[in-house]
Amino acid sequence: MGRTPFFLISTDSTYRIFYRILSSPDLGCSCMAVSLLGYEVSDLCLGKPALRCLPVSATVADALAALKRSGDIYISVWSCDHISKTTKSHVEDCRCIGKICMVDVVCFFCREDNLSSPSAALQSPVSLLLPKVPGVVRHLNPNSRFQEAIDLMLEGVQNIVIPIQSRTGPRKKLVTKPSFNWTLHNGVEFCWLTQEDVIRFLLNSIGVFSPLPSLTIESLDIIETENIPSVYYHEPASIALAAISQSLTNQISVAVLDQDNKLVGEISPFTLACHDETVAAAISTLSVGDLMAYIDCGGPPEDLIRLVKARLKERNLGAFLDLIEEELSHSSSSFSSSSSSDEEYGSGRRSGSGIYSTRMVRRSEAIVCYPWSSVVAVMIQALAHRVSYVWVIEEDWSLAGIVTFSGILKVFRQHLRTQAQD
């Protein structure tokens with residue numbers, strides 16, 4: 001069934017006055033820019049919440065329960081186990097070895113054998129969900145330099161794990177009941193820094209980088225055009241599965257194109273991550289366009305839910321159909337009076353739609369800019385929408401490429417390196 005393509009969001013002109021003020025040379029100098037490298041990573045950790053953790057010995061069911069209970073997009077996976085009474089771990093042995101989100105669970109369930117037997121899939125080890133790309137998560141001491149954090153991210157590190165320093169000593173654990181959601185490692189809590197944290201920190205001092213912020217993304221050569229995950233609007237959504245996995249690894253989204261190769265929307269891991277595991281059935285049975293409507297905030301239309309159920313029956317996937325019925329029944333009874341006051345993003349509360357995250361759920365519009373957009377406008381745009389990329393389009397809406405936080409960090413790091421040498 002056909003669906004109307006989604007609108008796209010571009011806000012470059014909105015920020016024009018703002019970034020002209022910020023990039024005024026009167027606000028800073030090159031020596032101030034270089035001084036940023038002397039900051040410690042702990043300076044960026046103020047107010048960050050402690051990581052909720054899973055032991056690597058946990059199962060997919062444990063991970064699923066922890067994700068739903070916490071409402072966080074990601075849960076960290078650790079080598080230590082502070083739940084098992086037979087295992088004792090010292091804080092020195094506690095290492096974060098990866099991270100998982102609901103999209104990892106969804107992609108896992110999209111495998112034919114797991115669709116056929118979801119109960120067996122739930123008992124699989126959580127290690128099967130961990131990304132196959134090494135070095136995504138790295139530990140750093142809290143007194144490490146900001147420069148080191150940037151360099152690690154340019155090497156491919158996405159999350160830097162740092163011990164939380166407290167002047168009042170370790171926080172007391174309020175809940176003593178064993179749970180796959182603990183935060184304490186022998187009295188020590190950890191947080192992590194992301195590319196978003198670093199970009200936000202740079203934006204707060206953007207004036208000292210003049211004239212870099214006002215330069216266009218085209219002139220800075222940070223528009224990526226190779227290996228962009230994309231699918232066509234009317235293709236089966238199952239074709240997009242590999243692209244979804246790739247976009248999750250690269251912290252971007254899957255571009256959705258029409259027959260003229262123009263951008264009409266996206267399949268965002270961020271949006272998928274706010275739903276539960278039953279969205280795997282939608283990926284396996286719907287078209288790309290219908291999947292976009294299914295995961296849009298507010299929940300899937302009833303006709304699409306019926307279509308997914310019918311196609312599961314046709315494929316003799318009754319076990320997964322039972323899982324959907326169970327989830328819908330549980331959702332309706334738990335949140336029968338859910339609020340619908342926010343039409344733009346959705347409340348994020350669990351409802352019959354299968355949305356479980358407490359974070360705001362974004363629609364399936366693509367966030368776009370143009371080759372002549374300034375780098376600071378793109379930074380603000382991405383941060384405002386809580387994404388780590390912005391699509392680049394031409395005037396006719398054809399896809400020109402993508403700008404990522406990695407590309408932006410690269411030019412800022414080069415600027416700092418040049419200033420340090422002068």
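## Contacts along the chain

Among contacts in the protein chain between residues at least 6 apart in sequence, what percentage join residues at least 24 apart? The figure is 71%. Keep in mind as you explore that this is a predicted model.

The protein chain contains 16 helices and 13 strands. Of its 422 residues, 53% are buried.

## Two nonpolar cores

Let's begin with the inside. In soluble globular proteins, nonpolar side chains tend to be buried together. Here the largest nonpolar core holds 62 residues, and the members that touch the most others are Ile 100, Ile 244, Ile 267, Tyr 294 and Phe 320. Helix H4 (residues 102-109) supplies the largest share of this core, with seven residues. Apart from this core lies another one, of 60 residues, including Ala 149, Leu 257, Ile 367 and Val 378.

What does Ile 100 touch, not counting residues up to four places away in sequence? Its partners are Leu 54, Ala 63, Leu 67, Ile 73, Tyr 74, Ile 75, Val 77, Val 126, Leu 129 and Leu 130. You can try finding these residues in the structure above.

## A buried tryptophan

Trp 78 belongs to strand S3, which covers residues 74-78. Is Trp 78 buried or exposed? Buried means under 20% relative accessible area. Trp 78 has a relative accessible area of 0%, so Trp 78 is buried. Trp 78 and Cys 94 are 16 residues apart along the chain, and their C-alpha atoms are separated by 6.6 Å.

## Helix H8 and its surroundings

Helix H8 (residues 195-204) is mostly covered, with eight of its ten residues buried. Those buried residues are Gln 195, Glu 196, Asp 197, Val 198, Ile 199, Phe 201, Leu 202 and Leu 203. What do they pack against? The list is helix H7 (146-154), strand S7 (190-193), H15 and H16.

Another of these elements, helix H15 (residues 375-384), is also mostly covered: nine of its ten residues are buried. They are Val 375, Val 376, Ala 377, Val 378, Met 379, Ile 380, Gln 381, Ala 382 and Leu 383. One of them, Val 378, is also a member of the 60-residue core. Just after H15 comes Arg 386, which takes a positive phi of about 55°.

## How H8 meets H7 and H16

Now for helix pairs. Two packed helices are described by the angle between their axes and the distance between the axes. H7 and H8 pack at an angle of about 130°, and their axes are 11 Å apart. That angle makes H7 oblique to H8, and their crossing is left-handed. H7 brings Phe 146, Ile 150 and Met 153 to the contact, while H8 brings Gln 195, Val 198, Phe 201 and Leu 202. Sorted by class, these are six nonpolar residues, one polar and no charged ones.

H8 also packs with helix H16 (residues 405-421): the two axes come within 10 Å and cross at roughly 45°. This makes H8 oblique to H16, and H8 passes H16 in a left-handed crossing. On the H8 side, Gln 195, Glu 196, Val 198, Ile 199 and Leu 202 take part, meeting Phe 405, Ser 406, Ile 408, Leu 409 and Phe 412 of H16. By class, the contact divides into seven nonpolar, two polar and one charged.

## A loop residue after H8

Where is Leu 220? Leu 220 sits in the loop between H8 and strand S8 (230-232). With a relative accessible area of 18%, Leu 220 is buried, because buried means under 20%.

Leaving aside neighbours within four places in sequence, Leu 220 is in contact with Leu 212, Leu 215, Val 375 and Val 411. One of these partners, Val 375, is among the buried residues of H15. From C-alpha to C-alpha, Leu 220 and Ser 374 are 9.4 Å apart, with their places 154 residues apart in sequence.

## One more helix pair

Finally, look at helix H12 (residues 288-295) and helix H13 (residues 302-314), which pack at an angle of about 120° with axes 10 Å apart. H12 is therefore oblique to H13, and H12 passes H13 in a left-handed crossing. Asp 290, Ala 293 and Tyr 294 of H12 meet Leu 304, Ile 305 and Val 308 of H13. By class, that gives five nonpolar residues, no polar ones and one charged. Tyr 294 may be familiar, as one of the residues that touch the most other members of the largest nonpolar core.

Definitions and conventions:
Residues are numbered from 1 along each chain as its sequence is written. This is a predicted model: local features need pLDDT of at least 70, side-chain atom pairs count only at pLDDT 80 or more; totals for chains, interfaces and linings use all residues. Side-chain values use heavy atoms; hydrogens and water are left out. A nonpolar core is a set of buried Ala, Val, Leu, Ile, Met, Phe, Trp, Tyr and Cys residues joined through side-chain atoms within 4.5 Å. Buried means under 20% relative accessible area, exposed over 50%, partly exposed in between (1.4 Å probe, protein chains only). Helices (H or I, at least four residues) and strands (E, at least two) are DSSP runs, numbered from the N terminus. Contact means heavy atoms within 4.5 Å. Axes are lines fitted to C-alpha atoms, for helices over the stretch in contact, and angles run from 0 to 180 degrees between N-to-C directions. Angles under 35 degrees count as roughly parallel, over 145 as roughly antiparallel, 65 to 115 as roughly perpendicular and the rest as oblique. A crossing is left-handed if the near helix is turned anticlockwise from the far one by less than a right angle, and right-handed if clockwise. Ala, Val, Leu, Ile, Met, Phe, Trp, Tyr, Cys and Pro count as nonpolar, Asp, Glu, Lys and Arg as charged, and the others, Gly among them, as polar.
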